[in-house]
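Student: I am new to this structure and would like a close look at one part of it. Could you take me slowly through the sheet and the pieces around it?

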Amino acid sequence: MVSRRIRPRACILDIEATSLDADIGHLVGAGLMELDGEFKWFYVKRPADEVKILKRILKEVSTYHIMFTWNGKGFDIPFLISRAIKLKLPAEELLKPVHVDLAEFVRNNLRLHRSDLYHVARFLGIKKDLKVEGFDIPSIYLKALKGDKEAAKLIEAHCRDDLDVTRRILRKLLPIIRAKQPELIL
């Protein structure tokens with residue numbers, strides 16, 4: 001009998017928020033992308049829905065074995081943990097998957113002038129959509145809250161693009177990640 005290795009479930013996480021600080025702002029939305037490109041979007045249509053949407057995100061994230069982010073150790077995960085604590089939700093669900101922050105990996109393993117997503121993507125020959133950037137999200141979200149459906153679509157498209165670019169960077173870095181972290185079994 002041949003034993004087969006089971007591949008762990010892996011995803012890439014990115015969030016959008018009204019502020020960089022969780023005590024001032026709140027969650028706008030979160031995207032999860034599987035390594036095959038399947039995309040899931042969790043959108044806070046109005047601030048009162050944040051607790052409901054964050055519950056769904058926590059439940060979904062806890063089903064993965066490995067989670068990749070871009071700057072997630074410095075922003076996404078601390079922001080989500082802070083909001084979960086504030087909203088009396090089980091923040092520990094975010095810590096179930098092994099977390100690999102690709103921006104941190106780049107800073108520690110490549111010698112580049114900058115390690116932001118756009119610069120690394122450009123270095124690796126990956127196109128990044130710059131119509132909307134992270135700092136645009138709060139003002140676009142205000143329009144969405146007033147009923148602008150196009151604004152809401154822009155936020156989702158921005159998150160999806162960030163995730164897809166991160167996924168393509170991950171593919172290019174995967175041989176190095178496997179060599180440095182063989183326990184991930186990707």
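Tutor: In this predicted model, a good place to begin is the pairing of strand β1, residues 10-17, with strand β2, residues 27-34, since these two run antiparallel and are joined by 7 bridges. One pair to look for is Leu13 and Leu32, the latter being the bridge partner of Leu13 in β2. These two strands belong to an open sheet of 5 strands, in which the order is β3-β2-β1-β4-β5 and the pairing is mixed. At the edges are β3 (39-43) and β5 (98-101), each of which pairs on one side only. If you compare neighbouring strands of this sheet, you will find them turned against each other by 25 degrees on average, with direction ignored.

Staying on β1, find Glu16, which lies in that strand. Glu16 counts as buried because its relative accessibility is 5%, and buried here means under 20%. Leaving aside neighbours within four places in sequence, the residues in contact with Glu16 include Leu27, Val28 and Gly29, as well as Trp41, Ile137, Ile155, His158, Cys159 and Asp162. Another way to see how the chain comes back past Glu16 is to look at Gly31: the two residues are 15 apart along the chain, while their C-alpha atoms are separated by 8.5 Å.

Among the contacts of Glu16 are Ile155, His158, Cys159 and Asp162, and the helix to look at with them is α6, which covers residues 149-180. Helix α6 has 32 residues and reaches 44 Å from its first C-alpha to its last, which is close to the 46 Å expected at 1.5 Å a residue. At the N-terminal end, α6 is capped by Asp148, a side-chain oxygen of which lies 3.0 Å from the backbone nitrogen of Glu150. Farther along, at Leu173, α6 bends by about 60 degrees, and a proline, Pro175, follows within four residues.

Now return to the sheet and find Thr69, which lies in strand β4. With a relative accessibility of 0%, Thr69 counts as buried, and its contacts, leaving aside neighbours within four places in sequence, are Leu13, His99, Val100, Asp101, Leu102 and Ala103. The side chain of Thr69 takes part in a polar contact with the side chain of His99, at 2.7 Å, and it also reaches the backbone nitrogen of Gly72, at 3.1 Å.

From β4 the path leads on to helix α2, residues 76-86, which lies across β1, β2, β4 (66-69) and β5, and runs at about 70 degrees to β1. The loop between β4 and α2 holds Asn71, whose phi is near 70 degrees, a positive value in a residue other than glycine. That deserves a second look, because most residues other than glycine have a negative phi. Asn71 counts as partly exposed, since its relative accessibility is 35%.

A second positive phi, of about 60 degrees, is found at Lys88, which is not a glycine either. Lys88 is placed in the loop between α2 and β5, and it is exposed, with a relative accessible area of 75%. To finish, you might compare the residues by burial: Thr69 is buried at 0%, Glu16 is buried at 5%, Asn71 is partly exposed at 35%, and Lys88 is exposed at 75%.

Note on methods. Residues are numbered from 1 along each chain as its sequence is written. This is a predicted model: local features need pLDDT of at least 70, side-chain atom pairs count only at pLDDT 80 or more; totals for chains, interfaces and linings use all residues. Side-chain values use heavy atoms; hydrogens and water are left out. Two strands pair if DSSP finds at least two bridges between them. Axes are lines fitted to C-alpha atoms, for helices over the stretch in contact, and angles run from 0 to 180 degrees between N-to-C directions. Contact means heavy atoms within 4.5 Å. The expected span of a helix is 1.5 Å times one less than its number of residues. The bend at a residue is the angle between axes fitted to the seven residues ending there and the seven starting there. A polar contact is a pair of N or O atoms within 3.5 Å; within protein, one must be able to donate a hydrogen and the other to accept it, and residues adjacent in sequence count only if both atoms are side-chain atoms. Buried means under 20% relative accessible area, exposed over 50%, partly exposed in between (1.4 Å probe, protein chains only).
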